[in-house]
Every structure is written in structure tokens, then in C-alpha cells.
Amino acid sequence: MLLARCLEAGRALGARLAEPGEFTRRAFLNDRIDLAQAEAVADLIDASSEAAARSASRSLVGEFSGALAQLAAQMIEARALIEATLDFPEEDLEQLGTIDARDRLARLRSAVDEVLRRAQLGAVLRDGLRVALVGAPNVGKSSLLNALAGQDVAIVTAHPGTTRDRVERSIDIGGLILNVIDTAGLRATSDEVERLGIDRTLAAVGEADIVLELIDASAPGEPDALPAWQHRIGSHALRLIVMNKVDLSGQAHGLRDGRLYLSAKTGAGLDSLRAELLHRAGWDQAPSDEGVYLARERHLHALARTQHHLQAADAHLQATAVQPELAAEELRLAGLALGEITGQVTADDVLGEIFSRFCIGK
Ligand SMILES: Nc1nc2c(ncn2[C@@H]2O[C@H](COP(=O)(O)OP(=O)(O)OP(=O)(O)O)[C@@H](O)[C@H]2O)c(=O)[nH]1
Ligand SMILES: [Mg+2]
């Protein structure tokens, strides 16, 4: 109440409420921070895990921007070298320059690769991965969700067809956020509610980054024919078969022949599943969140375009058809693509889009 009165009094005196992200935007427009740092402010506020928060604060102090600045400087050097051969087109100088430039380009490209790799890991850290639990009724999907979450999130019963709505829970495993989606078991059914649930399952499969296909290891033979669902899996998605209920089947738990054997009931094999998920996400190659850039989709696209132009530049320096002027132009375009990340060259509408997602007062 008091706060509202204060605001009212302020407004009566001519003040206005700040727009979303207005303070950060001003810092950016006054060159105190670059765009990647400005985005890191929002990422820090929204961070969904401790690792994400640590990574965002490192971007905020300029770690990501510093790596980009180094790439930009190398790019300018390479371009200067190539342009020099244009000014002095004597035969040997051109040859020498081309060899040196290709060398530099190769180094530059692997440096961009490395930044892109860290940014891709960071994108996972930022947004998490969507994991869908899919399988026939009663195989233990809800039990597995509960076991991973460490609490009873979804209803478990011995009755097939228990889950109808999709149940979602965000779970932190070793700093990686998994949005695990439990779904209705797949089977042919005449029950309308269950059928609607199955439609949701199919939608969840389409959105997933990782599909865990559960099979009851204690039930002999394959389950009855499930409705076709495999074609719903996205092209980028990973698929892992999980054999559940090993406490009943008597099999050992762990990873074998690409299948993960576990018991959602006793918890045996859960650690192997977590380790495998981290591995599949590429997360075990990152020694820690250190050196991972909390990148956004926008950054990944810009880096991919940078990479594309560098590749084109290299093609123009190939011995059979050396065209240094085209190579220099590609390097210039690569620099522009990279500059979009830090906001050296960014259209106003992109800025509007970025800052409008901030909360007011930041
Ligand atoms: N012994 C044993 N029982 C399990 C295990 N996992 C699940 N169950 C039992 O299997 C039954 C079905 O488990 P749910 O987790 O509800 O299975 P669901 O796949 O979600 O089933 P729907 O929601 O009907 O599709 C329950 O009685 C569970 O207690 C396991 O690893 N071992
Ligand atoms: Mg269930």
C-alpha cells in the first residue's frame, strides 16, 4: 500500500515507470556493456540452476564477449593479410600471402568451432533438455519420473492407463536441467479421455530432445503393438531404450548393448541413467560449467553463419581458383555475423525484442 502511494506521488511529480530492461538498455546504448553482456543480465535473473547462474555471471563480466573479441581481431588480421596481396599482386607475394592466409583461416575456423561447441553446451545449460518418457501402459513411466525427481510427482498404480495428462517436472542432474515429461501409456483404446492423453504423448514425443522408451523387462515378449509413434521423434532427438523392473526380471542393472537396465522401484541403475543422459547431452566432456558460454539461439545462429563465411573464404583461397577479393569479402561478412552477437551491428527491432523480455526495473 505504502509502495503504491509512493509510486503515485512520484508519478504525480512527472516521473514514469521504467520500461522492461530500460536500465540495461541504457548501459548498452552508452557502451558500458555490449549486447551479449546485456543478455547475461536477463539470463542471470532467469537462471534455472546454479551452474547456469555462474555461467551467466561470467558472461556478464565479459568472458564470452572477450572470446568473441579475440575471434574478431584474428579475423581482421587475416583479412588485412589477404587485402595486402590485392594491393601487391606480384606473383610470389600473392602465393606466399595465400598460403599464410589459409593457415590463419584454418586456425581461426577451429577457434570458432571451439566457441560454438561451448556455446552449444551453454544453450543446453540455459534452456535445459526436454526428456519424454514413452512406452506401453504400466511399464513404469510415472515411477521413473518420481524416482528421478526424488518425490511423488505423478500418480502410480498397478492399473494400466493411470496417467492421462502430461506431467512435467524440472530436474537438476549434475547442473544440467532436464524437463522430464511423463505421458499416457501408448495402446489402442476406446476410452476417450485416454485417447486424448495419448495425443498429448505424441505431441510430447515431437517436442523432446531425448526420448526414453520404457519397456517392462519382467514382461516376457514384446508388448502388444503400440500405435505408431516413432515417426514423431524429431530429427535432432536422441533415443534411449530403458528396460525397467529389473528387480522382478532378475537382470543386472546398468548399460548393456545400448539399453539401460534399471528399477524405478528400488532405484538400481538410476545413476547409470543419469550418467548416460549427461553423456548423451555432451555434458560429460565439459569438465564443469567453467568455459561454457550461456548462449542463446541467436548467438548460435550468428556463430554458424560466421563459420559458413569462413568456409567460403577458404574456398576462394584454394590453389586452383584463388580469388583473394572474394575471400576478403567473405571475411568481412564473417566479421559482421560475429558482430551481431555483441551488438556492433544489430537492427533496432532485434534490440527491441531482446529488451522487451526483461522485467521492469532491470
Ligand atoms: N517391481 C517393480 N515394479 C514397478 C517398477 N516400476 C514400476 N512398477 C510398478 O508398476 C506399476 C505401474 O507403474 P506406473 O509408474 O504407474 O506405470 P506407467 O508406465 O506410468 O503406467 P501408465 O500411466 O498406466 O501408462 C505400479 O504398480 C508400479 O509400482 C519397478 O522397477 N519394479
Ligand atoms: Mg503413468
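**Talking through the fold**

Colleague: Let's start with Ser59: which residues does Ser59 touch, not counting residues up to four places away in sequence?
Modeller: Find Ser59 in helix H4 (residues 50-60); helices are DSSP runs of H or I with at least four residues, strands are runs of E with at least two, and both are numbered from the N terminus. Ser59 has a relative accessible area of 6%, so it is buried (buried means under 20% relative accessible area, exposed over 50%, partly exposed in between, with a 1.4 Å probe and protein chains only). Contact means heavy atoms within 4.5 Å. Leaving out residues up to four places away in sequence, the ones Ser59 touches are Gln37, Ala40, Phe64 and Leu294.

Colleague: Before we go on, what kind of model is this?
Modeller: Residues are numbered from 1 along each chain as its sequence is written, while chains are lettered from A and ligands numbered from 1 in the order in which they are written. Side-chain values use heavy atoms, with hydrogens and water left out, local features need pLDDT of at least 70, side-chain atom pairs count only at pLDDT 80 or more, totals for chains, interfaces and linings use all residues, and what you're looking at is a predicted model.

Colleague: Which helix gives the most to the largest nonpolar core?
Modeller: A nonpolar core is a set of buried Ala, Val, Leu, Ile, Met, Phe, Trp, Tyr and Cys residues joined through side-chain atoms within 4.5 Å. The largest one here has 37 residues, and Leu144, Leu176, Leu178, Leu212, Leu273 and Trp283 touch the most other members. With four residues in this core, the top giver is helix H10 (residues 270-280).

Colleague: And how many residues are in the second core?
Modeller: This one is separate, and you can spot it from members including Met75, Tyr293, Leu310 and Ala327. Its residue count is 30.

Colleague: Back to helix H10: is Leu277 buried or exposed?
Modeller: Leu277 is found in helix H10. Setting aside residues up to four places away in sequence, it touches Ile173, Leu178, Ile210 and Leu212. Its relative accessible area is 2%, so Leu277 is buried.

Colleague: How do helices H11 and H12 run, roughly parallel or roughly antiparallel?
Modeller: Two packed helices are described by the angle between their axes and the distance between the axes. Axes are lines fitted to C-alpha atoms, for helices over the stretch in contact, and angles run from 0 to 180 degrees between N-to-C directions. H11 (residues 297-315) and H12 (residues 324-342) pack at about 170°, with axes 8 Å apart. Angles under 35 degrees count as roughly parallel, over 145 as roughly antiparallel, 65 to 115 as roughly perpendicular and the rest as oblique, so H11 and H12 are roughly antiparallel.

Colleague: How many residues in the contact of H11 with H12 are nonpolar?
Modeller: Ala, Val, Leu, Ile, Met, Phe, Trp, Tyr, Cys and Pro count as nonpolar, Asp, Glu, Lys and Arg as charged, and the others, Gly among them, as polar. The contact includes Leu303 and Leu310 of H11 and Leu331 and Leu338 of H12. Three of its residues are polar and four are charged, while the nonpolar ones number 12.

Colleague: H3 packs on H12 too, so how far apart are their axes?
Modeller: In this pair, Leu35, Ala36 and Glu39 in H3 meet Glu340, Ile341 and Thr342 in H12. By class, that contact has three nonpolar, one polar and two charged residues. H3 (residues 35-46) packs at an angle of about 35° to H12, and the distance between the axes is 5 Å.

Colleague: What are the protein donors of the magnesium ion?
Modeller: Donors are N, O and S atoms within 2.8 Å of the metal (3.2 Å for Na, K and Ca), and water is not among the atoms, so sites may look incomplete. One donor residue sits in helix H7 (residues 141-149) and the other in the loop between H7 and strand E2 (167-173), 21 residues apart. Lying 2.0 to 2.1 Å from the ion (ligand 2), the donors are Ser142 (OG) and Thr163 (OG1).

Colleague: Last one: what is phi of Asp31 near?
Modeller: Asp31 lies in the loop between helix H2 (22-29) and H3. At 69% relative accessibility, Asp31 counts as exposed. Its phi is positive in a residue other than glycine, near 65°.
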